[in-house]
Amino acid sequence: LPARRRNDPAREMERALKAGEFVPFFQPIVDIATGKLLGAEVLMRRRKPDGSLVLPGAFIPLLESSGLIREATHFLMRRVLDEVGTIYASRPRLRIAFNLAAAHFADESIVREMREIFQDSPIRFSQLVLEVTESVLMKDLRVPLDILTRLRLKRVGLSIDDFGTGHS
């Protein structure tokens with residue numbers, strides 16, 4: 001039993017989160033017709049202490065099943081603000097997109113967290129885009145729609161991520 005606890009994947013994710021191993025990678029978003037940079041999508045990666053990278057398929061399901069995805073997203077948003085906030089402040093037309101998981105729509109804490117992170121930051125709400133998978137919108141729609149409406153009122157952009165991959 002003690003060996004199982006040491007090798008518990010959820011505990012490993014918690015340790016990695018506390019160690020700051022989750023890092024943003026920026027995927028450019030480019031207007032294909034003009035070649036103009038429109039912004040970036042933030043992709044979460046895990047950089048282990050040895051420098052190796054772990055791709056999201058190996059840790060996102062663990063973050064979601066352990067309930068740590070919200071904390072990891074919050075950490076990632078703060079890290080993005082630290083890394084590119086000043087760049088976005090001087091380029092108000094650039095957008096920055098974050099992926100949200102179904103857990104972000106369990107209650108309205110994502111609205112409060114985004115307000116805490118971005119309210120007085122160099123990145124404006126109008127520069128933020130939240131990418132939501134269709135599966136989030138397939139269950140009880142009341143809470144997710146209320147959250148999305150509150151974020152839209154702050155001028156946060158919304159997009160459907162992975163549209164048509166089985167949920168529509």
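## Aromatic pairs, a strand and a helix

Both Phe98 and Phe118 are buried, and these two residues make a useful place to enter this structure, which is a predicted model. The rings of Phe98 and Phe118 form an aromatic pair with 6.2 Å from centre to centre and 50° between the planes, an arrangement that is described as tilted. Because Phe98 belongs to strand E4 while Phe118 belongs to helix H5, the pair ties together parts that are 20 residues apart in sequence.

How many aromatic pairs are there by the rule used here? The count comes to 2, and the other one joins Phe22 and Phe59, again in a tilted arrangement, with 5.2 Å between the centres and 55° between the planes. Phe22 is part of strand E1 (residues 22–30), whereas Phe59 sits in the loop between strand E3 (53–54) and helix H3 (60–66), so this pair ties together parts that are 37 residues apart in sequence. Phe22 and Phe59 are both buried.

A ring can also have a charged residue over its face, and here Lys154 lies over the face of Phe125, at 5.1 Å from the ring centre.

We can now turn to the strands, beginning with E5 (residues 128–133), which is mostly covered, since 5 of its 6 residues are buried. The chain reaches E5 from E4 by way of helix H5 (residues 109–118), and this β-α-β crossover is right-handed. Strands E4 (residues 95–100) and E5 run parallel and are joined by 5 bridges, and within this pairing Ile96 stands opposite Leu128 of E5. Strand E5 is also joined by 5 bridges to strand E6 (residues 157–161), with the two strands running parallel, and there Leu130 has Leu158 of E6 as its bridge partner.

The last stop is helix H2 (residues 9–18), and it raises a question: which of the residues of H2 are buried? They are Met13, Ala16 and Leu17. When the helix is seen down its axis, these buried residues fall within an arc of 100°, so they line one face of H2. It helps to recall that an α-helix has 3.6 residues a turn, so residues three or four places apart point the same way. The buried residues of H2 pack against several other elements, namely E1, strand E2 (37–47), H3 and helix H4 (69–89). After H2 comes Gly20, whose phi is positive, near 75°.

Key:
Residues are numbered from 1 along each chain as its sequence is written. This is a predicted model: local features need pLDDT of at least 70, side-chain atom pairs count only at pLDDT 80 or more; totals for chains, interfaces and linings use all residues. Side-chain values use heavy atoms; hydrogens and water are left out. Buried means under 20% relative accessible area, exposed over 50%, partly exposed in between (1.4 Å probe, protein chains only). Helices (H or I, at least four residues) and strands (E, at least two) are DSSP runs, numbered from the N terminus. Two strands pair if DSSP finds at least two bridges between them. A crossover is right-handed if, with the strands pointing away from the viewer, the path from the first strand over the helix to the second runs clockwise. Rings of Phe, Tyr and Trp (its six-membered ring) pair if their centres lie within 6.5 Å; planes under 30 degrees apart count as stacked, over 60 as edge-to-face and the rest as tilted. A charge sits over a ring if NZ of Lys or CZ of Arg is within 6 Å of the ring centre and within 35 degrees of the ring normal. The arc is that of the directions from the helix axis to the C-beta atoms. Contact means heavy atoms within 4.5 Å.
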